Amino acid sequence: LWTSMPQQEPDAAPPQAIFLGLGFDMKRVAGACQLDQEIIGVMAASEETHRRLVAAARAATGALASMGLPPEQVVLYGSLSVGRTEAPSAELLEAPLAASGQLQPLQPQRPFVPGCFITDLSDVDCATLLPEQMHPGTVVERLASAGGGGGTAWRQVYATVVPRFTVTQWTLLSDRGVNLDLSCFTSPVQFAQFNARQRAFRDTFWMTRRQLQLKHGEVGSEAFDAYIYLLKAFVAITYRNALTSFQAICLGIFVAQRRSLDKNGQAPTGVVLLRRFLDFCRDFFAHDAPAPTTPSPCWHGTCAIDISGGGSTIDRRNRRARQELYLVEAETSENVHPSDWMNVLHSADPSSIRSSVSMALERWFSQKTPRKTWGRIKKDLVPIMKQTCMPR
């Protein structure tokens, strides 16, 4: 189950050596890094949330295994599956629980920061390929039955069928207040394509982070991590759920991949990256096409985005879609016909995105310094991001 999880990143150049060599103000660099660490510490999940999510993931995967589903047909994905450098998520899920039920720390850490990119609003995401003789409803019934969920009681709160991908998607709620989003595939071909897309996303995620780390040292990786948490926080306040976290992170990766990112030679920070994300979304999702004289226009009506292979724009594939973003390498590796490619932005609402972006730019980035900008963001978002789910 965990063989595809990201490994620890190789050591990058020390940030002091990088910035002293370029003549940067080390006091300014240290302040930026400290700000990013604060953002991560505030926005990341609490230790209690982390413990509940890990326990729920163990219970769900254990219950599926007890039904006879082999490990290669059960996949954990989403925030819990993308490990940070301090402790890849595979190790976290295998760490022993103390008698009190608390996770044993894998290594000393500064004030608790999870080893993966989860927040207090995160769910557990799991996908499985069912054998021909097993109906998706049977899986949910067993999970909901007494003791059928690995010692955790689950109840169904939502279900939908997506015939195109031969998948039934369930949302279940545990007795500890954790949502489990379970996708049950019945086609081996569709399950293989799903796996390929998840692998391509993780590879792209880590390639983008690695590039910032190799160029800017720890400052770059801290900035990227803070950026991911800020994207998740932005999603929480978008109008009418205009974007999902996954959609925002894919768009955010594309913004971080663009060569113009550090044209001034300065190391990015989480707040600076968020500003560039908002600027990009304002232009990409604009109602009207850019003027012909606009240099390198990137507009949803004329081009699609491919975030694999370093990121690029490509020709539109589906004119019925309002906007398009793909992991082309995943699609081609599975020989998927272009008409069947999975459009990451299929459900995004450009009108609501424009409204949310305008609000964020006006409210947050009218401040004069990154520290003041973060202060306004924190005031707006922390009450939302820290609504920890309690048992229901």
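1. Two strands count as paired here if DSSP finds at least two bridges between them. On that basis, in this predicted model, three strands make up an open sheet of mixed pairing, in the order β7-β6-β8.

2. The edges of this sheet are β7 (312–314) and β8 (325–326), each of which pairs on one side only. Strand β6 (residues 304–306) runs antiparallel to β7 and is joined to β7 by three bridges. In one of the pairings between β6 and β7, alanine 304 has isoleucine 314 of β7 as its bridge partner.

3. Helix α8 packs on the sheet and touches β6, β7 and β8. The direction of α8 makes about 80° with that of β6.

4. Helix α8 (residues 245–257) also meets helix α7 (residues 218–236): their axes come within 9 Å and cross at roughly 135°. Angles over 145 degrees would count as roughly antiparallel and those from 65 to 115 as roughly perpendicular, so α7 and α8 are oblique to each other. The crossing of α7 and α8 is right-handed.

5. On the α7 side, the contact is made by Tyr227, Ile228, Leu231, Lys232 and Val235. On the α8 side, Ser245, Ala248, Ile249, Gly252, Val255 and Ala256 take part. The residues of this contact divide into eight nonpolar, two polar and one charged.

6. Taken together, α8 has contacts of two kinds: with the strands β6, β7 and β8, and with residues of α7, including Tyr227 and Leu231.

How values were computed: Residues are numbered from 1 along each chain as its sequence is written. This is a predicted model: local features need pLDDT of at least 70, side-chain atom pairs count only at pLDDT 80 or more; totals for chains, interfaces and linings use all residues. Side-chain values use heavy atoms; hydrogens and water are left out. Axes are lines fitted to C-alpha atoms, for helices over the stretch in contact, and angles run from 0 to 180 degrees between N-to-C directions. Helices (H or I, at least four residues) and strands (E, at least two) are DSSP runs, numbered from the N terminus. Angles under 35 degrees count as roughly parallel, over 145 as roughly antiparallel, 65 to 115 as roughly perpendicular and the rest as oblique. A crossing is left-handed if the near helix is turned anticlockwise from the far one by less than a right angle, and right-handed if clockwise. Contact means heavy atoms within 4.5 Å. Ala, Val, Leu, Ile, Met, Phe, Trp, Tyr, Cys and Pro count as nonpolar, Asp, Glu, Lys and Arg as charged, and the others, Gly among them, as polar.
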